[in-house]
Amino acid sequence: MTKRTDLPALLAEIHRDAQPLFGQGRVADYIPALAEVEPRRFGLAIATVDGQTHSVGDAHTPFSLQSITKLFTFVLALKLEGDAVWQRVGREPSGAAFNSIVQLETENGIPRNPFINAGALVITDILTTRYAHLDYALLGALRRLADEPNLHWNPRVERSERETAHRNMAMAYFMKSHGNFRNEPETVLDNYCRQCATEMSCAQLAQATLFLANDGRDLGRLGEPDEQFLSADATRRVNALLLTCGAYDAAGDFAYRIGLPVKTGVGGGIVAIVPGVATIAVWSPELDAKGNSVLGAFALERLVQGTGWGHT
Ligand code: DON
């Protein structure tokens, strides 16, 4: 394959070719505030490990990160607890919907992986034990990684999710009954809903995840020196989990079409890691039946076809 190096031209083509796909998916509405977003938006941003950035469309518009935050909370838990996290959560794809509850019953309240809702709730429980103010600790880490002091969570989205969090609450209580929850489910749900309501733009998200493409090294920003944010070994493992579990029951399809570690969210965002090369963040709110962005997946597929990124 001829690899394209003219990224601005490739991004413009992808932006143009994505337009006919509007209308194929549906904006998430099980969290009522998410349904208020304008559906026909599309943005894409790339950050490279050698410091370049490229973007197209609505790449600077903040959107609701939702499950993409599970990637960051998992990294924080791994930094704090190391391999002890695996006593509380598994690392196998679930093959089930992101909010499925059934496996918990036959698997002793241990979620399959840290990215499905049940697994992310356990991770938030771990962090709730560790931090007196998890919300601000997480925001502080994200601001540093994204080099953006003005990141926030959206209180409307937070409230809307908290008021409709019955299924997540059920999973939390179920895990508590199995002894796999240390804090009160209500407290953890408060933190979880706030976490999911965090907003970032594609450009910020590509920056914030760049350490995952860079052997765990975060390039010094917000006036601070470079930092080994996560060990190179742990980074490799996080990327493996993103490849196998980052798109829930569409993980196989994503690996086939895109072949990169990814994390998706019901806000319509997807971030993809090209180890050693770059990160790609894409946002378009219309989702397929499995809760992943239709235009986002299309754009990533076209981008890897065009660049050869991730091809071995
Ligand atoms: O807990 C939930 O259902 C949402 N806050 C997040 C789900 C999500 O983003 C799944 N991603 N595709």
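A residue counts as buried if 20 or more other C-beta atoms lie within 10 Å of its own, and as exposed if 12 or fewer do. The exercises below apply this to a predicted model.

**Exercise 1.** Determine which residues of helix H1 are buried, and how they are arranged around its axis.

*Solution.* Begin with the length of the helix: H1 comprises the 12 residues 7-18, which at 1.5 Å a residue should span 16 Å, and its end C-alpha atoms are indeed 16 Å apart. By the cut-off above, the buried residues of H1 are Leu11, Ile14 and Ala18. Seen down the helix axis, these buried residues fall within an arc of 60°, so they line one face of H1. An α-helix has 3.6 residues a turn, so residues three or four places apart point the same way. The buried residues of H1 pack against strand E1 (43-48), strand E2 (53-57) and helix H13 (294-307), whereas the face turned away from them carries the exposed residues Pro8, Ala9 and Arg16.

**Exercise 2.** Decide whether Ser67 and Tyr192, both listed in the UniProt "binding site" annotation of an unreviewed entry, are buried or exposed.

*Solution.* Locate Ser67 in the loop between strand E3 (63-64) and helix H2 (69-81), and Tyr192 in helix H8 (residues 185-196). Then count neighbours: Ser67 has 26 other C-beta atoms within 10 Å and is therefore buried, and Tyr192, with 30 such atoms, is buried as well. Finally, leaving aside residues within four places in sequence, Ser67 is in contact with residues including Phe98, Phe115 and Val266, while Tyr192 touches Leu121, Thr124 and Asn168.

Terms used. Residues are numbered from 1 along each chain as its sequence is written. This is a predicted model: local features need pLDDT of at least 70, side-chain atom pairs count only at pLDDT 80 or more; totals for chains, interfaces and linings use all residues. Helices (H or I, at least four residues) and strands (E, at least two) are DSSP runs, numbered from the N terminus. The expected span of a helix is 1.5 Å times one less than its number of residues. The arc is that of the directions from the helix axis to the C-beta atoms. Two residues are in contact if their C-beta atoms, placed from the backbone, lie within 7 Å.
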